[in-house]
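This report follows side-chain pairings and backbone details through one protein chain. Please keep the sequence and the coordinates at hand while reading.

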Amino acid sequence: MGRVIAAGVALGLCAVLLGAPPASARSGSAQSGSLQLQVSIDQRPVEDATVPIDPASQLELQVVATNSGTAPVKVRSVRLSGVALALTFFAYDTTAPFEVPARGSVSRTFVLDLGDLAGQATGLLPSSVELLDAGRATLGEATTVADVRGSFWSVYGVFGLAMLVLTILAWVTALLALARHRLAPNRWRRGVRFLPAGFGTGLVAVISLSVLRLVPPEPAIELPVVLGAAAIAFLLGYLTPHPAPPAVTGSDTTVRLPVPSTQEFTR
């Protein structure tokens, strides 16, 4: 059981450490590609802002694309996506081909139906608006934080609940092993035994802050929280007492106390 719990927590950790995109500023200007974007959602500029998204109503997405190059750029589609813990929890593509002339700008408005978003995510999620070409390559991107008014029982909410259950089980198994003196005699191995519980605690903290709309799960925040919780759990395991029974130490040798037999009490 302990190995299954550790494997489940490790899967969530690998998603954070191996798939986390590089940290970027919450701005509405393009980070890569050949186009610079200015984006508004429901007439609210996304630059340095948290944009509310209500799945119950249609979303109006306004994009102003500026081409500073010497050749026209052909856009095939626009994508709105949200990411947490390096996992994409929602993505909506709308095909609307247009061309941005060289050293020119084009403004386009898209209406998106996000009715099924309530079952995919909830809370604060780092999000992006991308313009894509025919090969699905990104021509320009604007990033923001979306306040998704979804259901707690969405994919994101259930993912957080599953991590909470695995984390509780990880702590229970580690503490039971400590109480029953079944931890390894080696301090480093005892610390490693507590690592899954620490990683899980960090993941649950990141998801909880996001769902409660306190802090978005951006890489600059989630990595220190997860690694810090793991370090604390490892230290707790490292400092746990030695599982061996107590012994009486003499001048030259160590003698363990004998256990009286039943016959000695009957004499």
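## Around the end of helix H3

Just after helix H3, the residue Arg213 takes a positive phi of about 60°. The model is a predicted one, and the values given here for Arg213 and for other residues are to be read with that in mind.

Arg213 also takes part in a side-chain contact, since its side chain meets that of Asp147 in a salt bridge with an N to O distance of 2.5 Å. This pair links distant parts of the chain, with Asp147 in strand S9 (residues 138-148) and Arg213 in the loop between helix H3 (187-211) and helix H4 (219-238), 66 residues apart. Arg213 is partly exposed, at a relative accessible area of 33%, whereas Asp147 is buried, with a relative accessible area of 11%. Asp147 counts as buried because its 11% falls under the 20% limit used for that class.

Asp147 has a further partner in Arg149, and in that salt bridge the N to O distance is 3.3 Å. Arg149 is partly exposed, its relative accessible area being 42%.

## Salt bridges

What number of salt bridges does a search of the whole structure find? The search finds four. One of them joins Arg79 to Asp93, where the closest N and O atoms are 2.9 Å apart. Arg79 lies in strand S5 (residues 73-84) and Asp93 in strand S6 (residues 87-100), so this pair ties together parts that are 14 residues apart in sequence. Both partners are described by their accessibility: Arg79 is partly exposed at 22%, and Asp93 is likewise partly exposed at 36%. As a general point, side chains of opposite charge can pair when their charged atoms come close.

The salt bridges described individually here are listed below, with their N to O distances.

| Partners | N to O distance |
|---|---|
| Arg79 and Asp93 | 2.9 Å |
| Arg149 and Asp147 | 3.3 Å |
| Asp147 and Arg213 | 2.5 Å |

Beyond single pairs, salt bridges that share partners join Arg79, Asp93 and Arg136 into one network.

## Helix H3 from its start to its kink

Helix H3 has 25 residues and reaches 37 Å from its first C-alpha to its last, which is close to the 36 Å expected at 1.5 Å a residue. At the N-terminal end of H3, Asn186 acts as a cap, with a side-chain oxygen that lies 2.8 Å from the backbone nitrogen of Trp188. Further along H3 there is a kink of about 35° at Leu195, shortly before the proline Pro196.

## Aromatic pairs

The aromatic pairs come to a count of eight. Among them, Phe152 and Trp153 form an edge-to-face pair, 5.1 Å centre to centre and with 80° between the planes. Phe152 counts as partly exposed at 43% relative accessibility, while Trp153, at 61%, counts as exposed.

Another edge-to-face pair is formed by Trp188 and Tyr238, with 5.4 Å from centre to centre and 70° between the planes. This second pair links distant parts of the chain, because Trp188 belongs to helix H3 and Tyr238 to helix H4, 50 residues apart. Trp188, the residue whose backbone nitrogen is contacted by the side chain of Asn186, counts as exposed at 53% relative accessibility. Tyr238 counts as partly exposed at 26%, and Arg187 lies over the face of its ring, at 5.7 Å from the ring centre.

Elsewhere, Phe89, Tyr156 and Phe159 form one aromatic cluster.

## Other positive phi values

Where in the chain is His181, which has a positive phi of about 60° although it is not a glycine? His181 sits in the loop between helix H2 (155-179) and H3, and this residue is exposed, with a relative accessible area of 53%.

Gln43, also a residue other than glycine, has a positive phi near 65°. The place of Gln43 is in the loop between strand S1 (35-41) and strand S2 (44-45), and Gln43 counts as exposed at 65% relative accessibility. Gln43 is classed as exposed because its 65% is over the 50% limit for that class.

Conventions:
Residues are numbered from 1 along each chain as its sequence is written. Side-chain values use heavy atoms; hydrogens and water are left out. Helices (H or I, at least four residues) and strands (E, at least two) are DSSP runs, numbered from the N terminus. Buried means under 20% relative accessible area, exposed over 50%, partly exposed in between (1.4 Å probe, protein chains only). Rings of Phe, Tyr and Trp (its six-membered ring) pair if their centres lie within 6.5 Å; planes under 30 degrees apart count as stacked, over 60 as edge-to-face and the rest as tilted. A charge sits over a ring if NZ of Lys or CZ of Arg is within 6 Å of the ring centre and within 35 degrees of the ring normal. The expected span of a helix is 1.5 Å times one less than its number of residues. The bend at a residue is the angle between axes fitted to the seven residues ending there and the seven starting there. A polar contact is a pair of N or O atoms within 3.5 Å; within protein, one must be able to donate a hydrogen and the other to accept it, and residues adjacent in sequence count only if both atoms are side-chain atoms.
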